[in-house]
Amino acid sequence: MKITILYLYYDLLNLYGESGNVKVLKKSLESLDIDVSLKFSTLDDEIDLTDVDLIYVGSGSEKNQLLALEHLKKYKEEMKEFILSGKFVLATGNAIELFGKEIDQIKALEVFSYSAKTSDKRIVDEALYKTALISSYILGFNNRNSFIVNNQHPFFQSIKGAGNNQNDVNEGYNEYHFYGTYLLGPLLARNPEFLRYFINELIKFKDPNFTIKKIPLNLEENAYQEFLKNYYSEYIS
C-alpha cells in the first residue's frame, strides 16, 4: 500500500513544532510496511490533490495564516471536493479556521459553517480533553487569540482548558474525515492512542482489506502516561 501525505505551508504554518505530526505519521505508517510519499507545498506552488490521501496543515502567525488563505482560495472547490469525498485532513492550531466560513469577516474556504473571531484576551493553557472516538484522554496546548462559533460537529470536550469559545466546553471540528483542533503539541506525537486510531481510519479508507498491525509506540505511551500522572492526576479516574 502507498499513502500520499500533502504537507501544506510547511514553512509558514509551523509555529509550535507542528511538523512533528507529519514525522510521527510517516514513521508510524512505515512501521506497518506502508510506502509513504510526502509532498510539500507552499506559496506560489501549484496544489495538486491527485492521488493525495491526507492533507496536513499546522499553526502560524495571523499574518502567515492570511497569506496561506489567499493562496488556498484558488483551490477552494478542489479542497471542498477533497473533504466531502471523505479524504483526510488534519488541521491543527489556527489552521482549523481556514476551512470555516470566515476569519474576522474575511471569507475563508467555506467548507464548513463555523466562523473565527478575534478574542479579547489571548488563550494560553495546557488542555485535557475527551473524545467519543477513543477511550484515552487527549493532551494538548492552546496558544491563540481567536475562537470559533457556530460549530455543529465538535471534535473534543474539555475537562480542563479552553473550548471553541468562552461559553463552549466543546472544541475543534470533526466531520467526514476532517479533523480540526486548536490544540498544539504536536497532537499526534503526544496522544499515541489517537495516533493509532487516526492511522487505522486512514488505512481502512484506503484499503479495507489491509491487515493492520499494532504500531509500536512505547516511548510515546510512556511519555503520555507520565504527563497524565504528573499534571492531571486530580482529573482522571
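Reader: Why is S4 called largely enclosed by the rest of the structure?

Author: Happy to explain! In this predicted model, five of the five residues of S4 are buried, so the strand is largely enclosed by the rest of the structure. Buried here means under 20% relative accessible area.

Reader: Which residues of S4 point one way and which the other way?

Author: Phe88, Leu90 and Thr92 point one way, while Val89 and Ala91 point the other way. Residues pointing either way are all buried.

Reader: What makes S3 and S4 a pair?

Author: Pairing requires at least two bridges found by DSSP. S3 and S4 have four bridges, in the parallel sense, so they qualify as a pair by that cut-off. One of the links is between Ile55 and its bridge partner in S4, Val89.

Reader: How do you know that S4 also pairs with S12?

Author: The same test works here: at least two bridges are needed, and four join S4 to S12 (residues 178-181), with the strands running parallel. Leu90 has Tyr179 as its bridge partner in S12.

Reader: Which residues touch the most other members of the largest nonpolar core?

Author: They are Tyr9, Ile55, Val57, Leu98, Phe99 and Phe178, out of 34 residues in that core. Elements that give two or more residues to this core include S1 (2-8), S3 (54-57) and S4 (88-92).

Reader: What does Tyr9 touch, leaving aside residues up to four places away in sequence?

Author: Tyr9 touches Ser41, Thr42, Leu43, Ile47, Val57, Ala68, His71 and Leu72. Each counts as a contact because heavy atoms lie within 4.5 Å.

Notes. Residues are numbered from 1 along each chain as its sequence is written. This is a predicted model: local features need pLDDT of at least 70, side-chain atom pairs count only at pLDDT 80 or more; totals for chains, interfaces and linings use all residues. Side-chain values use heavy atoms; hydrogens and water are left out. A nonpolar core is a set of buried Ala, Val, Leu, Ile, Met, Phe, Trp, Tyr and Cys residues joined through side-chain atoms within 4.5 Å. Buried means under 20% relative accessible area, exposed over 50%, partly exposed in between (1.4 Å probe, protein chains only).
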